[in-house]
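Let us work through this model by question and answer. Ligand surroundings come before the empty spaces.

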Amino acid sequence: MTLEWRNASKAYGKKRAVNDFSLEVPKGELLVLVGPSGCGKTTSLRMINRLVDPSSGKILVDGRDVSEIPVTELRRHIGYVIQQVGLFPHMNVAENIGAVPRLLKWNKVKIQARVRELLDLVGLPADDYSEAWPAHLSGGEAQRVGVARALAADPPILLMDEPFGAVDPLTREVLQREFLRIRSTLKKTVVFVTHDLDEAIRLGDCIAVMNGGRLVAAAAPGELLLNANPFIRDFTGEDRALRRLARLSVGDTIGQTTPIAPGGYGDSGTPTGLIRTDATLKEALSLMLEAGESSLNAVSPSGRHMGKLTMENLLENAAGIGVS
Ligand SMILES: Nc1ncnc2c1ncn2[C@@H]1O[C@H](COP(=O)(O)OP(=O)(O)O)[C@@H](O)[C@H]1O
Ligand SMILES: [Mg+2]
């Protein structure tokens with residue numbers, strides 16, 4: 001399903017929480033809303049499932065004005081994940097995940113099968129977790145259950161409001177990686193809110209930066225890091241060149257810029273260091289600096305020589321030449 005905010009505003013008294021916000025999200029795309037605390041991310045998100053009604057303007061889901069769609073019908077198509085998860089404390093994990101299917105009057109067997117499938121998807125073994133109580137879960141486990149619950153009825157749209165904001169950095173990293181894997185198999189239209197730019201860059205197909213209720217810019221991560229707008233430059237920070245490198249893989253880069261040598265580099269002896277093709281360019285830079293080398297041999301995960309990565313490749317990509 002597609003999503004669109006069309007000149008959407010929300011006023012609380014004199015204050016405009018969201019101010020003339022317009023943006024479209026194509027079907028299957030993951031949009032990240034990012035910006036400082038209080039800039040209007042949550043309010044914009046909650047307009048979609050009608051937890052907030054815009055003071056003016058409108059929200060369209062598949063071209064339909066959401067104010068004309070009955071709330072229950074609308075929300076059936078929208079999964080919603082929030083930071084503090086909001087698991088029902090008096091229900092075990094399986095009952096939490098099955099809550100929406102039960103409302104939709106699925107039969108017991110179908111619900112059970114769906115719960116197992118979802119626990120598997122989010123990496124929690126059903127035999128260990130089905131009967132567990134929310135109070136006994138770690139932060140990361142609870143977030144996984146929250147994601148599983150939001151996906152239960154297979155909604156085409158997923159709204160996520162700082163879903164990984166309350167867990168430690170290591171768990172957050174794991175959850176982000178797993179979420180990318182899950183998403184690649186599901187192809188849902190997702191709006192993901194975060195105040196963490198690195199998270200936005202890692203997850204987003206498109207990143208919309210908000211400030212003071214307004215949309216400042218919306219672009220693909222690589223493009224956003226090249227944006228000259230003063231607020232964006234300030235927000236993306238001094239290390240935006242490193243952030244660009246962190247987005248790109250060695251494999252993609254040598255695919256674009258260096259033809260693969262017919263027999264690999266083999267024993268010809270030129271470069272000494274090795275880098276895996278699935279490493280990021282940021283990791284490659286670190287390796288080059290550590291080894292004092294201006295080039296590295298790129299090898300596939302199975303150890304096959306795939307080509308050579310040079311410091312020039314890194315400079316070009318850090319400067320954004322040829323970045324999509
Ligand atoms: N129900 C409300 N009543 C009054 N002000 C609100 C309400 N909800 C949000 N706001 C204000 O609107 C602004 C945007 O809030 P919010 O969308 O929650 O920002 P974010 O999610 O980006 O941190 C903030 O200044 C906030 O205080
Ligand atoms: Mg918020």
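Student: How many residues of each class does the shell around ligand 1 have?

Tutor: Start with the classes. Ala, Val, Leu, Ile, Met, Phe, Trp, Tyr, Cys and Pro count as nonpolar, Asp, Glu, Lys and Arg as charged, and the others, Gly among them, as polar. A residue counts as near the ligand if one of its heavy atoms lies within 4 Å of it. By class, the shell around ligand 1 is then four nonpolar, five polar and two charged.

Student: At what pLDDT do side-chain atom pairs count?

Tutor: Residues are numbered from 1 along each chain as its sequence is written, chains are lettered from A and ligands numbered from 1 in the order written, and side-chain values use heavy atoms, leaving out hydrogens and water. The model is predicted: totals for chains, interfaces and linings use all residues, local features need pLDDT of at least 70, and side-chain atom pairs count only at pLDDT 80 or more.

Student: Which residues surround ligand 1?

Tutor: Early in the chain come Y12, K15 and A17, which are among the surrounding residues. The others are P36, S37, G38, C39, G40, K41, T42 and T43.

Student: What distance separates a polar side-chain atom of T43 from an oxygen atom of ligand 1?

Tutor: A polar contact is a pair of N or O atoms within 3.5 Å; within protein, one must be able to donate a hydrogen and the other to accept it, and sequence neighbours count only if both atoms are side-chain atoms. K41 places a polar side-chain atom 2.9 Å from a ligand oxygen. T42 does so at 2.8 Å. For T43 the value is 2.5 Å.

Student: How much of the accessible area of ligand 1 does the protein cover?

Tutor: Areas come from the Shrake-Rupley method with a 1.4 Å probe; for residues, only the protein chains shown count as cover. On its own, ligand 1 has 560 Å² of accessible area, and the protein covers 60%.

Student: Which element gives the most to the shell around ligand 1?

Tutor: Elements are DSSP runs numbered from the N terminus: helices (H or I, at least four residues) and strands (E, at least two). Two or more shell residues come from each of β2 (15–25) and α1 (41–48). With three residues, the top contributor is α1.

Student: What is the volume of the largest cavity?

Tutor: On a 1 Å grid over the protein atoms alone, a cavity is a set of points where a 1.4 Å probe fits but cannot get out; a pocket is an open set with protein on both sides within 12 Å along at least five of seven lines, and lining residues have an atom within 4 Å of a point. Points join across faces, edges and corners, and volume is the space filled by probe spheres set on them. Three cavities reach 30 Å³ or more. The largest has about 60 Å³.

Student: Which element gives the largest share of its lining, that of the largest cavity?

Tutor: V122, R144, V147, F164, L175, E178, F179 and I182 form this lining. Two or more of them come from each of α7 (139–151) and α8 (169–186). The largest share, four residues, belongs to α8.

Student: Which element leads in the lining of the largest pocket?

Tutor: The pocket holds about 650 Å³. Of its 23 lining residues, R75, I78, G79, Y80 and V100 are closest to the centre. By class, the lining has 15 nonpolar, five polar and three charged residues. The biggest contribution, five residues, is from β6.
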